[in-house]
Amino acid sequence: LARLQRCTSASQATALLATRVTTQSVLQNPSLHTRSLGLPRLPLATHQSVAIRWLSVSSVPSMAGHSKWANIKHAKGAADKKRGVLFTKLSKSIISAVKTGGSNLSENPALRTAIDAAKQQDMPKAKIDAAIAAGSTSTGNFQEIIFEVAGPGGALFVVTAEAEKREQVVGDINRVINRHGASIGTSLWAFDKIGAAQVPWKAFEEKGLDPEEVGLMIDAEDLLNDKEIDDEFVHFHCGPGHLNSMVSQLKEMELEVQDHEVLYHPNTMASPSDEDLTTIEAMVDRFESCDFVTGVAVNCEV
């Protein structure tokens, strides 16, 4: 402390602090708070804030781009951006459902599915209500648009979007295709359009229920209950038109439905190389980030 009090400039004090104390020691040891440095008496929270600010700029010079706090900030920014993209897609699904079948939940199963999907992603109620209102007042008509894409290593994609015009989407899709050497092709033959719902394994274990018996009771067409493949969820598949009924029956049994949606499920799988798989994963990410895109299916493990 004596050496700190003899410093003639803030930069000297900062440099000395960097070599003598850590943020943790400042926060845990009252003798190192700013009052001990001859500064005015301030609330403890202010002392801590001052100490943290001093130390955050005073440590040993670091390599550019390697700051932990910068990395955290970058990661949070990326997560917030993804969350924003997700909410935009969920809003468009709700708007499309309202425009197609109205805003009455009891008469519009597509809207119930869209709202449930939004709630499962913790989309704020205000945003859900705003999307319903937008669907009720919008004069445009959304339509489902499907792109069939052939990618590297025999991978086939089905990219679905909802927009008023195909031209609103095709430019973004083509940019992804051209960037990765893919092409518009025929791929729907490699997929089945199904309704899918997933329920945590723990829900069956807590109630002592057998997933296979439950599948028969709810008229599921297919069931994945192999813990070696997925030890967290049991997956039920059905026809798209039966999905809402199946989900309602699961809820009546007090089984938590973690997620449910209509999707394209591959009926034949490709086996791309590791190099091709890297490209395929990049294509999936870029397709999903496109405006108006609501789903991306590919016939390989990514």
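**Helix α8 and its surroundings**

In α8, four residues are buried (under 20% relative accessible area with a 1.4 Å probe, protein chains only): Val169, Ile173, Val176 and Ile177. Seen down the helix axis, these buried residues fall within an arc of 100°, so they line one face of α8. The arc is taken from the directions from the helix axis to the C-beta atoms. The other side of α8 carries Glu167, Arg175, Asn178 and Arg179, which are exposed (over 50% on that scale; partly exposed lies in between).

This is a predicted model, where local features need pLDDT of at least 70, side-chain atom pairs count only at pLDDT 80 or more, and totals for chains, interfaces and linings use all residues. Residues are numbered from 1 along each chain as its sequence is written, and side-chain values use heavy atoms, without hydrogens and water.

What do the buried residues of α8 pack against? Their partners are the strands β1 (143–150), β2 (156–163), β3 (183–184) and β8 (293–298), along with helix α12 (274–288). Contact here means heavy atoms within 4.5 Å.

Now the length of α8. The helix has 13 residues, 167–179, and at 1.5 Å a residue should span 18 Å. That expected span is 1.5 Å times one less than the number of residues. The end C-alpha atoms lie 19 Å apart, which agrees. Gly181 follows α8, with a positive phi near 65°.

Step back to the chain. It holds 12 helices and eight strands. These are DSSP runs numbered from the N terminus: H or I of at least four residues for helices, E of at least two for strands. Of the 302 residues, 35% are buried. Among contacts between residues at least 6 apart in sequence, 68% join residues at least 24 apart.
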